[in-house]
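Let's take a friendly walk through a structure you haven't met before. Have a look at it first, and then we'll go through it piece by piece.

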Amino acid sequence: MISLLVNGRTYAVDARPGDTLLRVLRDRLGLTGSKEACSRGECGACTVLVGGVPVVSCMHLASLVRGEVTTIEGLAEAARDLREAFADRGAFQCGFCTPGQIVRASALVREPGPPDERTVRLEMAGNVCRCTGYTQIVDAVLEVWRRRSGASIVPHQTTAHR
Ligand code: FES
Ligand code: FES
């Protein structure tokens, strides 16, 4: 039996030694917002926060997790502006990668900045999207980061390396 603090609530979970955090979240706790795609730490679909830091939950054993876990379900209010920006900018199509994208972005937009496109691209590089081509995702995250950090919002320029 292990104890996990998830989205502000403590759970006692009968986890096997080899159970990943992702398996426990989805199969035991019914928190299916975190998605499973590659199962080897390469796509970011399963991203959650542990102690406020983004981690890929498919690569962490549940029994070794220390600190509060925050999933996309736990960010319903805290990431409302990100969700709205993703919707407004068309930053998802099938939506499978979106929970992981928003969880990772939620950590980035807490940083004081200054917001810049290069940092967004670097920080979000571990989250793969097969649909959007990334431009809309970067634009959405940058918009929210600028707004939160109080940076002036200037029209985003299309750059050659997109
Ligand atoms: S499912 Fe965890 S990184 Fe792909
Ligand atoms: S919106 Fe389909 S994988 Fe990203």
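What follows is a tour of the strands, a helix, a pocket and a few single residues. Keep in mind that this is a predicted model.

**The first hairpin**

Start with strand S1, which covers residues 2-6. Its side chains take turns: Ile2, Leu4 and Val6 are buried and point to one face, whereas Ser3 and Leu5 point to the other face and are not buried. Strand S2 (residues 9-13) runs antiparallel to S1, and five bridges join the two. If you want a spot to find the pairing by eye, look for leucine 5, which sits opposite threonine 10 of S2. Two residues lie between S1 and S2 in this hairpin, and in the turn asparagine 7 has a positive phi of about 50°.

**The second hairpin and one more strand**

Now move on to strand S3, residues 47-50. Which of its side chains are buried? Thr47 and Leu49 on one side are, and so are Val48 and Val50 on the other, so both faces of S3 are covered. S3 pairs with strand S4 (residues 53-56) in the antiparallel sense, over four bridges. Here leucine 49 stands opposite proline 54 in S4. This hairpin, too, has two residues between its strands, and glycine 51 takes a positive phi near 60°.

S3 has another partner: strand S5 (residues 69-70) runs antiparallel to S3 and is joined to it by two bridges. In that pairing, valine 50 stands opposite valine 69.

**Helix H5**

Next up is helix H5, which spans residues 135-149. How far apart are the end C-alpha atoms of H5? They are 21 Å apart, and this agrees with the 21 Å that 15 residues should span at 1.5 Å a residue. Buried residues of H5 include Ile137, Val141, Leu142 and Trp145, and also the charged-type names Asp139, Glu143 and Arg146. The buried residues of H5 pack against three helices: H2 (80-89), H3 (98-108) and H4. Just after H5 comes glycine 150, with a positive phi of about 80°.

**Positive phi values away from glycine**

Most residues other than glycine have a negative phi. Two loop residues with a positive value are set side by side here.

| Residue | Phi | Loop | Relative accessible area |
|---|---|---|---|
| Serine 39 | near 65° | between H1 (21-28) and S3 | 37% |
| Tyrosine 134 | near 80° | between H4 (117-123) and H5 (135-149) | 31% |

Serine 39 counts as partly exposed because its 37% falls between the limits of 20% and 50%. Tyrosine 134, at 31%, is partly exposed as well.

**A buried loop residue**

Threonine 20 lies in the loop between S2 and H1. Is threonine 20 buried or exposed? With a relative accessible area of 18%, threonine 20 is under the 20% limit and so counts as buried. Leaving aside neighbours within four places in sequence, threonine 20 is in contact with Ser57, Cys58, His60, Leu61 and Ala62.

**The largest pocket**

Last stop: the largest pocket, with a volume of about 150 Å³. Its lining is made up of Ala37, Cys43, Ala45, Cys94, Phe96, Cys97, Val128, Cys129, Arg130 and Cys131. Nine of these lining residues are nonpolar, none is polar and one is charged. The charged one is Arg130.

Note on methods
Residues numbered from 1 in each chain as written. Chains lettered and ligands numbered in written order. Predicted model: local features only at pLDDT ≥ 70, side-chain atom pairs only at ≥ 80, totals over all residues. Heavy atoms only, no water. Buried < 20%, exposed > 50% of the residue type's maximum accessible area, 1.4 Å probe, protein only. Pairing = 2+ DSSP bridges. 1 Å grid on protein atoms, 1.4 Å probe; cavity = no way out; pocket = protein on both sides within 12 Å on 5 of 7 lines; lining within 4 Å. Points joined across faces, edges and corners; volume = space filled by probe spheres on them. Expected span 1.5 Å × (residues − 1). Contact = heavy atoms within 4.5 Å.
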